[in-house]
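Reader: I would like a close look at a single part of this model, namely the open sheet and whatever packs around it. Please take the strands, their pairing and the neighbouring helices in turn, and add any further local details that seem worth setting beside them.

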Amino acid sequence: MSRLRYSILFLAMLGFAAKLPDGIDGRRMVDDVRLLSNEKYKGRWTGTKELDEAARWIAHNYEKMGLKAPFADASGKLSFFQKFVVNTESKLGTHNTLSVGSEKLSVAKDFLPRIFSSSGEVSAPLVFAGYGITAHEYHYDDYAGLDVKGKIVVVLRLEPQDGDQNSVFLGTERTRHANLEGKAINAKLHGAAGMIVLNNTAVFPGEENKLDPFGNESGPLSVGIPVVQVKTSIAEKWIAAAGHDLKAMVRTIDQNLEPQSFAFPDSLHGHLRVDINRIMKPTWNVAAYLPGETSEYIVIGAHYDHLGVGRQFSMAPSEAGKIHPGADDNASGTAAVLELARHFKSLPKPKRGILFAHFSGEELGLLGSSYMTAHMPLDLANCTSMVNLDMIGRMTNGKLFIAGAASGSGFQSILENLLQADPAIHPDFSENLNIGGSDHTSFSSKQIPTLFFFTGLHPDYHKPSDTWEKFDPVAYQQVVRLVAATVSELEAAPKRPEFRRVETAAAPSGGGGGYGPYFGSVPDFAEVSNGVRFADVRAGSPAEKGGIRAGDVLTEFDGKKVASLQDYTYLLRAKKPGDTVRVKVNRFDQSYEFSVVLGIRK
């Protein structure tokens, strides 16, 4: 290398190094993480007074910094808080009943509703539907030739040949068909009005009378029909009265993969009533605004909620009831956003403003960020980009995931240039904007260029052991310095980045691909009645090629009514790459029908 070229490179490296600010304090961030993950906040579960206290602490910091409160209430008074209401817990009501024929069963003793059940009342004949599975890929269908419209189906847990390494259902690995919510959605799509679940004693001998505690699982709030679990020993009597033997039928299914479905006699008419109280509580997003010279702005965001004492999302179920402090997930992102606010407040006025946002309800399904993007305190059209920080406190060996670099023009070059200043960081530029399932998804679905910084999963994820002592302040500071430099480039850029749909290329023909066929839609997390709204459609995807557009509301898929995102997901996964499906959508109050050839997911 010539002396001249060496000198130019050296000067360039000095220039790049200058872009990484020195004002980020790793130890101060760790102190904030220690505070937020303290027992005082009891794991920051959404809807609790402890999370509310954390919200007030965050807002107090912004007030001390002198940042602007961006939200206005009905009277026009400005606030750092954005209120919304979420379902934080579900409890059994007082009107849960089940009778079959002349037998009346007792709730909690003989049966229990599932947490994903709908509330409602059904009086209908009973039908035994085996495992409740429709698996065309395995040439198995418990509903083949079976009329269940308006009836209550009785189904077994798990799937045929469970635990058999030679099973066509992926051997000893269970498939999606074993999922109970999927069984309930399948029953509903076949026209069933309710579902009764039985433990499979062929797989779990001696557990026929075990009822899963209500609320001890995750799942959608409502699959659309009432669903209860009944003790298998009780249901065996119904089956015997219909002239069948449950254990013999299970053996036949498992040996021959031949469904043993049948209709119960009229004397075993069922009457089912499910009463679930969905407890709704207020919670708050917290945000502060640093105005810029223009009306355009950047969002730097992180969720500040966590799992409380574990609940159904804990990765350490044996430690249920212990505080899950959530130091890395996501006190790390919360503290970093506060530190970035301090940093940018100390600098001259930026060209573009910066909205520092903290979301509640992320662990419940991106609820806070979804609500904020639907109720932005500033004009959403002026939002030029969003930077999301989730689990950034435990960088190991310099490995840093940066998702979304392809979603905005100039993102990749900005990051590559800045990273030259710190060769200790080894970036992984994933193009999957949904990595980690975090709040940037709510913004990318609004066609806002989005970057996601993430230092990776670790053995303490969603466990009581996710504590602040495991942080390296220097590595933590490295990550946040890079974020600060990136935001500085974005706020001062001559032009706003252009949003680019990240095209997902099809895998080679015949390849196994990922989990299910590829459609190419991006669902809007804001619920709509009787359908699924698409916030966006991927460029070059089967959906786009078939005529589907952003804003369309999917109402039918392959001849089946779609009432929820769960319905759509189930129906899509039941198909295979190369299948042609007819879909119906509503667009500006008009109904349209399209034909879509499904692709292969990488």
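**The sheet and its surroundings**

Author: In this predicted model, a convenient place to begin is a single pair of residues, since Ile402 stands opposite Phe453 in β22. The strands concerned are β20, which covers residues 399-403, and β22, which covers residues 450-454, and they pair in the antiparallel sense over three bridges. As a general matter, strands of a sheet pair through backbone hydrogen bonds, and they do so either parallel or antiparallel.

Beside this pair, helix α9, made of residues 411-419, packs on the sheet, where it touches β19, β20, β21 and β22, and its direction makes about 35° with that of β22.

Stepping back to the whole sheet, one finds eight strands that form an open arrangement with mixed pairing, in the order β3-β16-β18-β17-β19-β22-β20-β21. The edges are taken by β3, residues 81-92, and by β21, residues 426-428, each of which pairs on one side only. Between neighbouring strands of this sheet the average turn is 20°, with direction ignored.

A further helix, α7, spans residues 327-345 and lies across four strands, namely β16 (276-290), β17 (297-303), β18 (353-359) and β19 (383-389), and it runs at about 150° to β17.

Helix α8, residues 367-374, can be described through its buried residues, which are Gly368, Ser369, Ser370, Met372 and Thr373. The elements that cover these buried residues of α8 include the sheet strands β3, β16 and β18, together with β1 (71-72) and helix α10 (440-444).

Turning to other local details, Glu50 lies in helix α3, which comprises residues 49-65. Its relative accessible area is 9%, and because buried means under 20%, Glu50 counts as buried. The side chain of Glu50 is joined to that of Lys49 by a polar contact of 3.0 Å, and, when residues up to four places away in sequence are not counted, Glu50 touches Lys40, Tyr41 and Lys42.

Finally, as regards enclosed space, the count comes to two cavities of 30 Å³ or more. The second largest cavity has a volume of about 30 Å³, and the residues that line this second largest cavity are Gly132, Ile133, Arg176, His177, Gly182, Lys183 and Tyr570.

How values were computed. Residues are numbered from 1 along each chain as its sequence is written. This is a predicted model: local features need pLDDT of at least 70, side-chain atom pairs count only at pLDDT 80 or more; totals for chains, interfaces and linings use all residues. Side-chain values use heavy atoms; hydrogens and water are left out. Helices (H or I, at least four residues) and strands (E, at least two) are DSSP runs, numbered from the N terminus. Buried means under 20% relative accessible area, exposed over 50%, partly exposed in between (1.4 Å probe, protein chains only). A polar contact is a pair of N or O atoms within 3.5 Å; within protein, one must be able to donate a hydrogen and the other to accept it, and residues adjacent in sequence count only if both atoms are side-chain atoms. Contact means heavy atoms within 4.5 Å. Two strands pair if DSSP finds at least two bridges between them. Axes are lines fitted to C-alpha atoms, for helices over the stretch in contact, and angles run from 0 to 180 degrees between N-to-C directions. On a 1 Å grid over the protein atoms alone, a cavity is a set of points where a 1.4 Å probe fits but cannot get out, and a pocket is an open set with protein on both sides within 12 Å along at least five of seven lines; lining residues have an atom within 4 Å of a point. Grid points are joined across faces, edges and corners, and a volume is the space filled by probe spheres set on the points.
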